[in-house]
Amino acid sequence: MNRSHLLLSILVMAGTTYLIRLLPLVLFRKEIKSPFVRSFLFYIPFACLASMTFPEILYATDYTASAIAAFAVAVFLALKKKSLPTVALAGCLTVFIVERLLVLL
Amino acid sequence: MKNREMTNKMNRKDFAQGARDGIPIALGYFAVSFTFGMAASRDGIGAFWSAFTSLLCLSSAGQFAGLDVIVAGGSFLELALTQLVINLRYLLMSFSLSAKLAGSVGSAPRFLMAHGVTDEIFAISAARDRLTPWYTWGAMSVAVPGWTAGALVGGVLGDLLPGFLLSAFGIAIYGMFLAIILPPASEDRAILVVVLAAMAFRAILTWTPGLKTISPGFAIIIVTVTVAGIAAWLHPHTEEHSS
């Protein structure tokens, strides 16, 4: 990969992200009033993370079967309100176990 | 003079408290960032560069999506738009923290704490009765090194680990996303509908012939803006607490 293109890409990412975090802190020192804007900003993380999770999760591992199993385990544990590292590691463990079994079969 | 000494002492106390509260965050960050370093190294981006990205961006979802765009050869505009949409939640968090800071806090401290507005550091900062930049800086002082070191170690080990371990770790980021969105979704029907609609819409964009050509970065933007926009229009979120 081209070094300078990579460096520029990282700076674009970092600059955009920093501006998003910075502008409200320095420019707006009072609360947003519009219910629509507040709601829109409230729903964004959920819509965004959900759209990044499915269906991409199905292609994240070597076998679709292990991905589906890990998806089910992660959904179950997340609904049980387990912590982030717990859910993430349980997903990894599930993939590992299912793929070992698939290789044995 | 006496006053100044007291302020200094309180600032030191805030910083120390932030650093203590930041330790569990740093450990969690290390684990997730480790998988970012591995993913980046699998995509041919070296450990140094993934650590550099982590240090400067400090955003899990944004970095993973940015990585997809870079690998797919997307334009800088697409890259910036992806970051804008995925990290737009930080805007709300910064608004909220800004409202919480004393008006006397100048611009320079605000510039320095802005980088630390992440889901987790926001959560502990917003929970303070009295927020000063020193508290957030304390949390950043352990969380940022944890996040950066994770990417570095993941990037180095990612090259050495066998394929089946990489396959297992590849699922980690999705587990983390689910752990963030599902607990609130199980308690609020509107959030649940948003989550399911976003997944269904993304699936349509991914699997429909013709629509498949839309790059992952733009697909995420389209889905997020559409679903969050319709939800905000049909079902405004009224609860005071929003994080």
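**View 1. Lys81(A) in the loop between α3 and α4 (84-104) of chain A**. In this predicted model, the backbone of Lys81(A) has a phi near 65 degrees, a positive value in a residue other than glycine. Most residues other than glycine have a negative phi. Lys81(A) counts as partly exposed because its relative accessibility is 43%, and the partly exposed class lies between the cut-offs of 20% and 50%.

**View 2. The cis peptide bond from Phe54(A) to Pro55(A)**. The omega angle of the bond that joins Phe54(A) to Pro55(A) is near 5 degrees. Most peptide bonds are trans. Pro55(A) belongs to the loop between α2 (35-53) and α3 (64-79) of chain A.

**View 3. Leu58(B) in the loop between α2 (47-57) and α3 (60-71) of chain B**. Leu58(B) is not a glycine, although its phi is positive, at about 50 degrees. With a relative accessibility of 3%, Leu58(B) counts as buried, because buried means under 20%.

**View 4. Helices α9 and α11 of chain B, the elements with the lowest and the highest mean pLDDT in that chain**. Helix α9 (residues 163-169) of chain B has the lowest mean pLDDT among the elements of the chain, 79. Helix α11 (residues 189-207) of chain B has the highest, 96. For chain B as a whole, the average pLDDT is 88, and 97% of the residues score at least 70.

**View 5. The helical fold of chain B**. Chain B contains twelve helices and zero strands; from the N terminus on, every element in the series is therefore written as α. The C-alpha trace spans about 70 × 50 × 35 Å along its principal axes. The radius of gyration of chain B is 20 Å, which agrees with the value near 18 Å for a compact globule of 243 residues. Among the contacts in chain B with a separation of 6 or more, 74% are between residues 24 or more positions apart.

**View 6. The interior, surface and charges of chain B**. Of the 243 residues in chain B, 54% are buried. The chain exposes about 10600 Å², and carbon and sulfur atoms supply 69% of this area. Chain B carries 15 positive and 14 negative side chains. The centres of these two sets of charges lie 9 Å apart.

Definitions and conventions. Residues are numbered from 1 along each chain as its sequence is written. Chains are lettered from A and ligands numbered from 1 in the order in which they are written. This is a predicted model: local features need pLDDT of at least 70, side-chain atom pairs count only at pLDDT 80 or more; totals for chains, interfaces and linings use all residues. Side-chain values use heavy atoms; hydrogens and water are left out. Helices (H or I, at least four residues) and strands (E, at least two) are DSSP runs, numbered from the N terminus. The radius of gyration is taken over C-alpha atoms; the globule rule is 2.2 Å times the number of residues to the power 0.38. Buried means under 20% relative accessible area, exposed over 50%, partly exposed in between (1.4 Å probe, protein chains only). Contact means heavy atoms within 4.5 Å. Accessible areas come from the Shrake-Rupley method with a 1.4 Å probe; for residues, only the protein chains shown count as cover. Lys and Arg count as positive and Asp and Glu as negative; His and the chain ends are not counted. The place of a charge is taken as NZ of Lys, CZ of Arg, CG of Asp or CD of Glu. pLDDT is the predictor's confidence in each residue, from 0 to 100.
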